[in-house]
Each structure stands twice: as C-alpha cells, then as structure tokens.
Amino acid sequence: MEDKTTRNLVLRNLAGKRTSAVPIWLMRQAGRYLPEYRKIRRAAGSFLDLCYSPELAAEITLQPVRRFGFDAAILFSDILVIPDALGQHVTFEEGLGPVLEPITPLNPMLPNALDRFRNSSQNKLGAVYETIERVANAKTDNCALIGFAGGPWTVATYMVEGGSSRDFQKIRRWATSDATSFELLIDVLTEATIIHLNAQINAGVEALQIFESHAGVLDCFGFNKWVIKPTRRIVSTIKRKHPHIPIIGFPRGAAAQIPVFLSETNVDAVSLDHSVSLNWAASVISDSVPIQGNLDPIYLLGDPGKLPFHVDRVLSAFSNRPYVFNLGHGVIKETDPRSVERLVDIVRNYNLR
C-alpha cells in the first residue's frame with residue numbers, strides 16, 4: 001500500500017529520495033503578504049491571540065496552500081510561544097515586533113518554569129496542537145504538514161535581549177561571562193522544545209524544522225556549545241520516539257559551520273539561507289543530504305523577468321540530490337502574491353523547459 005511519504009514530494013525528498021518534480025514551500029508563506037491573512041489579522045486582536053486560536057490559525061496555515069498549491073503547509077504559530085508558556089511576558093507590537101520582559105543572570109528563569117510549561121501544554125499550547133489536528137484533517141496527503149520550533153539559542157536571544165537585537169551584546173556577554181548559569185537557561189529551553197515538538201508530532205505534523213535564526217552571531221566555540229549541543233539532544237530524543245519524522249535544521253548565517261552541524265546533530269536535512277554560496281554547498285555537502293533553500297526572498301520584489309534566471313541558478317546547483325525548493329529566509333511582507341504565484345509556476349515547469 002502506498003503511504004504518505006510515497007505520495008508527497010516534500011517527504012520523499014526529506015527521506016533522501018530525489019524526485020523528477022521539484023517540491024516547493026516557502027518560509028513565512030502564511031502571513032503578512034496575503035490579503036486574506038491581513039483581513040483575519042485586523043479582526044483577531046493580538047498576534048498571540050491569533051496563534052492561540054485553532055480555527056483562525058488553521059485557516060491561515062491553509063490559505064497559501066489553497067492559493068498557490070504548495071507541497072507543504074507550515075504551522076502558523078511563532079517560536080516565542082515557548083517563552084510565553086514558560087511564564088515570560090511576551091507581546092507583539094505593531095512596527096516593533098516581539099517585546100519580552102528581559103531575563104538576566106540574576107533571574108535566569110522563572111521558578112519551576114518547566115513544570116509551568118508542562119501544565120501550559122495542556123491549555124495555552126494545547127491550542128497550537130488543536131490547530132495542527134485541524135490542518136491535518138483538512139489537508140490532502142499530497143501536502144506535507146510541517147511543525148517547527150526555534151532553536152534554544154535563538155529563543156534565548158529574544159528572552160535575554162527583550163526582543164530583536166542588532167549586536168546581541170547582552171546574551172553574548174552572559175554566555176561568555178557566566179556560562180554555567182546560561183547553560184541552565186539553554187537546558188530549560190532544550191527540554192521545552194523537545195516537549196513541544198513531540199506534542200506537535202502527536203497532533204499530526206509529518207516533518208519538523210528547527211529555526212536557529214541567530215546562529216550566525218556565534219563563533220565556532222559558541223556555535224558548538226549553544227547550537228550543536230542542544231540541537232543534537234533535541235534530534236536524538238525525538239528520533240527515539242519518532243524515527244520516521246524528518247527534521248530540518250536551519251542554522252541561519254552559519255555557512256562555514258554547516259558540515260560540522262550536519263555531522264554532529266544528525267538532522268535529516270539542512271535549510272540554507274541566501275548567504276550560502278551555491279557552488280560551495282553543492283561541492284561540500286554530501287549528495288545524499290537533502291537540501292532546502294536558498295533563493296534570496298528579495299528577488300520576489302524585483303524584476304519579474306529576472307526571476308527565472310535566479311530560480312534556475314538554485315535548481316541547477318542542486319539538481320543531482322534530494323532537494324526542496326524554498327527561500328533563504330521568510331517571504332517579505334511587501335511581496336506581491338503574484339510574484340509568489342510566478343515563482344511556483346517556474347519551479348513547477350522547471351523540468352519542462
């Protein structure tokens with residue numbers, strides 16, 4: 001009997017099986033650039049309220065799949081639901097982004113944070129898992145459902161910096177000056193991430209992506225300690241229970257570290273940001289490793305006539321391996337949906353040109 005992996009192009013490529021047709025989905029494919037999303041967003045209240053509304057979050061997850069026919073739906077949620085569930089005050093402000101009450105070495109984590117998180121998983125985060133169940137019941141087998149979490153280092157950056165940062169000075173200073181207390185924070189986040197991802201699998205996701213979006217601010221020593229070590233623990237723990245679930249690692253900004261990241265973490269696939277050289281990746285990363293990415297999302301804002309050229313550059317570089325087409329980062333909010341439609345059409349017809 002044919003299973004989901006056989007029918008779905010994304011899952012087949014993530015399992016290491018190259019297909020003649022190139023599968024496509026995009027990071028941040030559900031969200032701000034779509035008018036149907038903005039209509040819901042205006043009526044929903046806060047961003048976190050939207051993330052915790054299963055009916056609305058499921059609808060948003062499915063909107064781009066219905067509009068563009070993507071081969072995967074990625075859960076509409078946010079990496080900061082974890083600190084929110086741990087008890088840290090988290091808000092999203094228009095024009096500013098996430099705002100958190102910063103934690104410090106003197107108050108590295110709220111008391112009994114993991115106990116609170118486990119309880120939260122049955123109420124606040126339970127809404128996230130209900131969203132997954134709704135999407136899993138609504139989608140077809142041809143469309144993979146991808147769950148995700150932020151890597152512990154990246155989530156910690158927001159928790160310590162109090163939001164986005166240009167230089168990450170607070171967290172880098174803490175990690176280097178008092179590594180013992182900082183490791184306690186990373187351990188809490190690692191365990192919480194494992195719990196959250198396992199719950200997503202139980203609810204119905206078929207693949208996972210770990211977004212280590214701020215990996216690139218670390219040197220090789222810090223990358224090994226704060227990215228590789230916790231990622232390895234997350235992957236090994238999840239694989240013991242769910243060996244069939246592919247895990248994609250996304251160490252953004254850490255191109256030179258990718259080979260050691262792959263060998264040390266045992267992720268099934270790697271997503272490449274747009275700073276990674278195509279020739280370097282094609283020559284250094286083993287052909288057996290599934291790759292995802294790395295088209296610069298800025299090209300979706302540029303001359304439509306040049307888009308086929310840039311898509312061809314990426315597809316040609318990775319034509320001899322399992323590959324999932326994606327961007328090097330998320331869809332930019334100013335993107336015209338017609339540009340995404342054109343991108344999908346180019347990828348779909350790649351083998352026919």
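# Briefing: pocket, cavity, sheet and core

The largest pocket holds about 1,400 Å³ of space. The structure is a predicted model. It also has one cavity of 30 Å³ or more, an open sheet of seven strands and a largest nonpolar core of 127 residues.

**The largest pocket**

- The lining of this pocket counts 38 residues. R28, R32, F47, D78 and F92 lie nearest the pocket's centre.
- By class, the lining has 17 nonpolar, eleven polar and ten charged residues.
- Helix α3 (35–44), strands β2 and β3, and helix α9 (152–161) each supply at least two lining residues.
- The largest share comes from α3, with four residues.

**Helix α9, a contributor to the pocket**

- Ten of the ten residues of α9 are buried, so this helix is mostly covered.
- Among the buried residues are P152, W153, Y158 and E161.
- G162 comes just after α9 and takes a positive phi of about 85 degrees.

**The β2–β3 hairpin, also at the pocket**

- Strand β2 (residues 90–93) and strand β3 (residues 97–100) run antiparallel. Four bridges join them.
- T91 stands opposite V99 in β3.
- Three residues lie between the two strands of the hairpin. In this hairpin, G95 takes a positive phi near 80 degrees.

**The cavity**

- The largest cavity has a volume of about 30 Å³.
- L75, S77, D78, I79, V81, F148, A149, H196 and Q200 line the cavity. D78 is also one of the residues nearest the centre of the largest pocket.
- Five of the lining residues are nonpolar, three are polar and one is charged.
- Strand β4 (144–150) and helix α11 each supply at least two residues of the cavity lining.

**H196, a residue at the cavity wall**

- H196 sits in helix α11 and helps line the largest cavity.
- Why does H196 count as buried? Its relative accessibility is 2%, and the cut-off for buried is under 20%.
- Setting aside neighbours within four places in sequence, H196 is in contact with V81, I82, F117, L125, V128, Y129, F148 and A149.
- V81, F148 and A149 also line the cavity.

**The open sheet**

- The strand order is β1-β4-β5-β6-β7-β8-β9, and the pairing is parallel.
- β1 (72–74) and β9 (323–324) stand at the edges. Each has a single partner strand, so one side of each is left without a neighbour in the sheet.
- Inside the order, strand β6 (residues 247–251) and strand β7 (residues 269–272) pair in the parallel sense over two bridges.
- G249 has V270 in β7 as its bridge partner.

**The largest nonpolar core**

- Which residues touch the most other members of the core? They are F182, F325 and L343.
- Helix α11 (residues 179–203) gives the largest share of the core, eleven residues.
- Not counting residues up to four places away in sequence, F325 touches V22, P23, I24, W25, L295, V311, V314, L315, L343 and V347.
- This list includes L343, itself among the core members with the most contacts to other members.

**Where the parts meet**

- α11 supplies residues to both the core and the cavity lining.
- β4 takes part in the sheet and in the cavity lining.
- α9 is mostly covered, and it supplies at least two residues to the pocket lining.

Terms used
Residues are numbered from 1 along each chain as its sequence is written. This is a predicted model: local features need pLDDT of at least 70, side-chain atom pairs count only at pLDDT 80 or more; totals for chains, interfaces and linings use all residues. Side-chain values use heavy atoms; hydrogens and water are left out. A nonpolar core is a set of buried Ala, Val, Leu, Ile, Met, Phe, Trp, Tyr and Cys residues joined through side-chain atoms within 4.5 Å. Buried means under 20% relative accessible area, exposed over 50%, partly exposed in between (1.4 Å probe, protein chains only). Contact means heavy atoms within 4.5 Å. Two strands pair if DSSP finds at least two bridges between them. On a 1 Å grid over the protein atoms alone, a cavity is a set of points where a 1.4 Å probe fits but cannot get out, and a pocket is an open set with protein on both sides within 12 Å along at least five of seven lines; lining residues have an atom within 4 Å of a point. Grid points are joined across faces, edges and corners, and a volume is the space filled by probe spheres set on the points. Ala, Val, Leu, Ile, Met, Phe, Trp, Tyr, Cys and Pro count as nonpolar, Asp, Glu, Lys and Arg as charged, and the others, Gly among them, as polar.
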